[in-house]
Amino acid sequence: MLILSALITGVATGSMYGLLALGFHVTWAVSRTVNFAQGSSMMLGAVLLYGLAVTHGWPGAVAVAVTLGLCGAYGLAIERCVVRPFVARRSDAWLMATVAVGIVLDNVALFTFGKEPRGMPSPLTRHTVQVLGAGVYPLHLLIPAVGLGIAAALALVTRYTVYGKALLAVVQSPQAARLIGVRVETATSAAYVLSTIFAGVAGVLIAPLVTVSAGMGWVFGIKAFAAAILGGLDSAWGVVVAGILFGLTEALVTTLLGSTYTNILSFGIVIPALALMPHGLLGRAGAQRV
Amino acid sequence: MPSALRSKTTTRSWPALTMLTMTLVALALGTGSIQAADPVKIGLVAALSGQSAASGEAITRGLTVAIDEINAKGGVLGGRMLELVRRDDESNPSKGVTAARELIFKEQVAALFGGIDSPVSLAIVPIANAEKKPFIGVWAAATGITRNGANPNYVFRVSAVDVIVDKGLLQYAAKTYGAKKPGLMLINNPWGESNNDGLTKAAAAQGLAIAGVEKFQTEDVDMVPQLSRLKEAGADSIILVANAAPAAQVVRSLDRMGWAAPVISHWGISGGRFVELGGPGASKVAFVQTYSFFGEQNPRGKHVLELLMKRYPQVKSPADVIAPVGTANAYDAMQILARAIQAAGATDGPKVREAMYKVGRYEGLIKTYDPAFTADNHDALNENDYVMVRYTDKGEIVPVKGK
């Protein structure tokens, strides 16, 4: 029963890492840049949903839609104002710039949302279902479904639609892509909008299980990045699988050894894993025909 | 010497210089007399942000209404006003230590008050004793804060003491729920350790068997593993020691497991938004307090409620007094400290410390102190001053029958 409960929690948090890592993958695949502060984007989703649904009492569906829309707008702003200026000058400082923006966002949240963690009520955490002796919230089942669903949708879009192929073509060769009519700038912006929407979805989903606070995204973001590296930044399925594995590892270590060892062992496992598979679980070296 | 280099001071500028010097001397002498009306600064190092921010605000309010009351009657030491200087320790011992040093050396406070976090208070204790600065606890309950082995001991406390609380929690569990084999769920920090010690000894003394001792971290979200192990060991009740956020996750985990074991808790949960974070199970938890603003109040209690309602308009009734033990403990502690400063006739640390034993009878909020402190006992409250309470669904703290 202990192990089953750990698996349920692990798959849920792991799907969250996977969603955040998908955000890393999407922007990396298109532009070879990432918003390193994905954790802050996740926090933005949770905090906005709290503000709209709880503080202002908007109906749930409307609040979620508006939250995700605002997260997407935030992603657009990041790409336009923080990443593009540096990439245009062939500078790598976009990495630190995104970190800086993340810190600023965290502190703005501290001033506006407040300095206390708050609880997010949700119809999906009101009752538990007993499955083989372990208590499960409906939310625990929804989270992996959404995470894997988004990953599948992304894979389908990139492989089978023109837009998806255009996105991948951009990273192969921006000049060639331009020559055949793909707008590189639009593709990059679209990728950033998608990545912050994914993070927002993660924030909205995980909020009822944890507490909503200005600092909630920081550690999530780091772990998601570790999962993204582990899974191979070039592979959508790789990062999602790696995220879920990371979450499962954390949950099992907590259950069997105690939470003092969780971070040490989870991050510690990433190192030999990368030593054995330097391109990540499902990434591979070299070009990929689109 | 070339004329350009010759000093410009001629006989004609001497009067100007003399005037300037005399003005400066007059100012210097003048500031000597201004110093007599200098405020007496009182320091507070507490959690003003994070999961226990409510506790910091509650302590601030208790100190503030006491200070306002004392200042309205003319302050201390012949007209010196009391002034509260606060710093946020963010529940972090290193930040608490830095804050304490800043208050002692830069702000030159006459005395320091502490906040909810025992690890922070335990870290400040050596500094208070080394710098001979009275340090008064108004929430943190770890036994070792006041019983720290120092002589002279500059640390006092108007608050619960773990070793006494632990006896009370187990007695309540046995009497109200017929508990024979409690399981301990403790936060993994010095406060949890202090209670591990106290609970184990009290259980032995009361003839109860401890089913098991499980620990968890502040950031943990899922305590099902620990609770499952306690359940498998045959625990019939849970004794919980943690602050609001992790305690809320314990209650949520119990909810998820569908295990209806009675939960008897220490008071860390009352320092934050426990009901909001913990969900429906939160209002079933019985916990300890040193004071309740509900029910029949003594004259001082009615008076303090009035002061609170006047100073903080959002407080319209006892239900709006957040984290009430912080306010109650802090109010009484500040009144006792002011009387000690008055009796000492100075803000000098060693003199104030000595005067704490000489305060005499004070009919306070929580009880009548006569005296508050003696050389053997730096804790003003004991088991007769505790009440057992629980939260309603709206987050109000109400007494339970039983203790």
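The exercises below concern a predicted model with chains A and B, and each is followed by a worked solution.

**Exercise 1. Describe chain B as a whole: its elements, its extent and its burial.**

Solution. Start with the secondary structure: chain B holds 13 helices and 14 strands. Next take the extent. The C-alpha trace of chain B spans about 100 × 55 × 45 Å along its principal axes. Then turn to burial: of the 403 residues in chain B, 53% are buried. Last come the contacts within the chain. Among those between residues at least 6 apart in sequence, 70% join residues at least 24 apart.

**Exercise 2. In which order do the strands of the five-stranded sheet of chain B lie, and which helix packs on this sheet?**

Solution. Step one is the order, which reads S2-S1-S3-S4-S5 in chain B; the sheet is open and its pairing is parallel. Step two is the edges. Strand S2 (82–88) and strand S5 (155–157) of chain B each have a single partner strand, so one side of each has no neighbour in the sheet. Step three is the twist: neighbouring strands of this sheet are turned by 25° against each other on average, direction ignored. Step four is the helix. Helix H12 (residues 324–344) of chain B packs on the sheet and touches S1, S2, strand S3 (111–113) and strand S4 (135–137) of chain B. The direction of H12 makes about 170° with that of S3(B).

**Exercise 3. Work out how strand S1 of chain B is joined to S2(B), and how far S1(B) is covered.**

Solution. First count the bridges: seven join strand S1 (residues 40–46) of chain B to S2(B), and the two run parallel. Now pick out residues. B:Val45 has B:Arg87 as its bridge partner in S2(B), while B:Lys41 stands opposite B:Glu83 in S2(B). For the covering, six of the seven residues of S1(B) are buried, so the strand is mostly covered.

**Exercise 4. Lay out the seven-stranded sheet of chain B and name its edge strands.**

Solution. The order is S7-S6-S8-S9-S10-S13-S14 in chain B, in an open sheet with mixed pairing. At the edges are strand S7 (212–216) and strand S14 (397–399) of chain B, each paired on one side only. From one strand to the next, the twist averages 30°. Within the sheet, strand S6 (residues 182–187) and strand S8 (residues 237–241) of chain B run parallel and are joined by five bridges. One residue to locate is B:Leu186, whose bridge partner in S8(B) is B:Val241. Finally, helix H8 (residues 224–232) of chain B packs on this sheet, touching S6, S7 and S8 of chain B. The direction of this helix makes about 175° with that of S7(B).

**Exercise 5. At what angle do helices H4 and H7 of chain B cross, and which residues meet there?**

Solution. Two quantities are needed, since a pair of packed helices is described by the angle and the distance between the axes. The axes of helix H4 (residues 118–131) and helix H7 (residues 190–206) of chain B come within 7 Å and cross at roughly 95°. H4(B) is therefore roughly perpendicular to H7(B). On the H4(B) side, B:Ser118, B:Pro119 and B:Leu122 meet B:Pro190, B:Trp191 and B:Ser194 in H7(B). Sorted by type, the residues of this contact are four nonpolar, two polar and no charged.

**Exercise 6. Why do the end-to-end distances of helices H2 and H8 of chain A agree with their residue counts?**

Solution. Helix H2 (residues 38–55) of chain A has 18 residues, which at 1.5 Å a residue should span 26 Å; its end C-alpha atoms are 25 Å apart, in agreement. Of these 18 residues, 15 are buried. A:Gly57 follows H2(A) and has a positive phi, near 70°. Helix H8 (residues 184–206) of chain A has 23 residues, with an expected span of 33 Å and end C-alpha atoms 33 Å apart, which agrees. Because 20 of its 23 residues are buried, H8(A) is largely enclosed by the rest of the structure.

**Exercise 7. How many residues of each chain are in contact with the other, and which element of chain A gives the most?**

Solution. Begin with the totals: 20 residues of chain A are in contact with 22 residues of chain B. The elements of chain A giving two or more residues to this side are helix H1 (2–31) and helix H10 (236–257). H1(A) gives the most, with four residues. The side of chain A that touches chain B divides into six nonpolar, eleven polar and three charged residues.

Methods. Residues numbered from 1 in each chain as written. Chains lettered and ligands numbered in written order. Predicted model: local features only at pLDDT ≥ 70, side-chain atom pairs only at ≥ 80, totals over all residues. Axes fitted to C-alpha atoms, helices over the stretch in contact; angles between N-to-C directions. Parallel < 35°, antiparallel > 145°, perpendicular 65-115°, else oblique. Contact = placed C-beta atoms within 7 Å. Nonpolar A, V, L, I, M, F, W, Y, C, P; charged D, E, K, R; others polar. Expected span 1.5 Å × (residues − 1). Buried ≥ 20, exposed ≤ 12 C-beta atoms within 10 Å, placed from the backbone. Pairing = 2+ DSSP bridges.
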